[in-house]
Amino acid sequence: MKVFVTGASGWVGTAVCNDLTSHGHTVLGLARSDASAKAITDKGYEAHRGSLDDLESITAAVKAADGVIHCAYKHDFSSAEAIENATQTELAVLTAIGEALQGTTKPFVFSSAAGGLPGVDGQPANEEAVLPAYIPRSITEAHALAFADKGVHVSAVRLPFTVHGVRDPGFVKMLIDMARNTGSVPLIGEGLNRWPAVHVTDAAPVYRLALEKSKVRGIYHAVQDTGVETREIAKKIGEHLDLPVKALTADKAAAFGFVGMVMGADSPVSSARTREELRWSPVGPTLLEDLASAEYYNQEAGRTVVA
């Protein structure tokens, strides 16, 4: 299958492309710059020049492919305005892809969020849970899945707060950077709140399996660790950086904006149905195992996500 992948040179997208090609598929990767085009072609994939703001280029690539995996996203959480701009861009891209796929049975898989889902009656949130309005992806997920009503075979892959691995550019990297900059590892309250997590090489097969087992409407949780207490995350970071853990009040955490909200969120998430339906079995290191590796703390490890 020839698969059009947005975010093909990004953190998750790179792993997705590697997994696709190792299972016999070919990749047409969206490239917004010379650097991302080179990263894509150096891997032996075909680059398609365009961007999330160039809807005509996205539509053309969708029509040229046998399936679509949408990983790209404007990861700017610096302000409410930035998050709103990212949401509007995402809605436009999802609309362009969905409309281009109407009247076909080409599979469409897109990234969404599992991180932030609250537990229900003491149990982890499952795949039937509806994203609450405070999660930015709630609007975009509902919009994309609505194309199922028009016959589009569309599936959401919900990612946890941390899709980890060496060179992780996400929230754990942010915590490590904050610790280095402030001299202590930030923690909200007692740190009993839980983060779901998955290794990046385990997240990738969920996209492929959702593509291969295409259905009219699917929701999958790419979650390995159901919930890791943030005090355990902070403890590991503190041990490796030789820094103390410093508890923050909720008010002080609020000064960090969206990142502060994530730091204090309690979000246990189950992937039991995903594992059963897709026959998916994560095998990579857990989050705490990754954080036990000295390589994870290499200051050059962080990377800029190239969409």
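Trainee: Which residues lie nearest the centre of the second largest pocket?
Mentor: In this predicted model, with residues numbered from 1 along each chain as its sequence is written, local features need pLDDT of at least 70, side-chain atom pairs count only at pLDDT 80 or more, and totals for chains, interfaces and linings use all residues. Side-chain values use heavy atoms, without hydrogens and water. The second largest pocket (an open set of points on a 1 Å grid over the protein atoms alone where a 1.4 Å probe fits, with protein on both sides within 12 Å along at least five of seven lines; lining residues have an atom within 4 Å of a point) has 13 lining residues. Those nearest its centre are Val 130, Glu 141, Arg 158, Arg 217 and Ile 219.

Trainee: Which element gives the largest share of that pocket's lining?
Mentor: Helices (H or I, at least four residues) and strands (E, at least two) are DSSP runs numbered from the N terminus. Helix 5 (137-145) and strand 10 (217-221) each supply at least two residues of the lining of the second largest pocket. The largest share, four residues, comes from helix 5.

Trainee: Which strands stand at the edges of the open sheet?
Mentor: Seven strands form this sheet in the order 3-2-1-4-5-6-10, with parallel pairing (at least two DSSP bridges between two strands). Two of them have a single partner strand each, so one side of each is left without a neighbour in the sheet. These are strand 3 (46-49) and strand 10.

Trainee: What is the bridge partner of His 70 in strand 5?
Mentor: Strand 4 (residues 67-70) and strand 5 run parallel and are joined by three bridges. In strand 5, the partner of His 70 is Phe 110.
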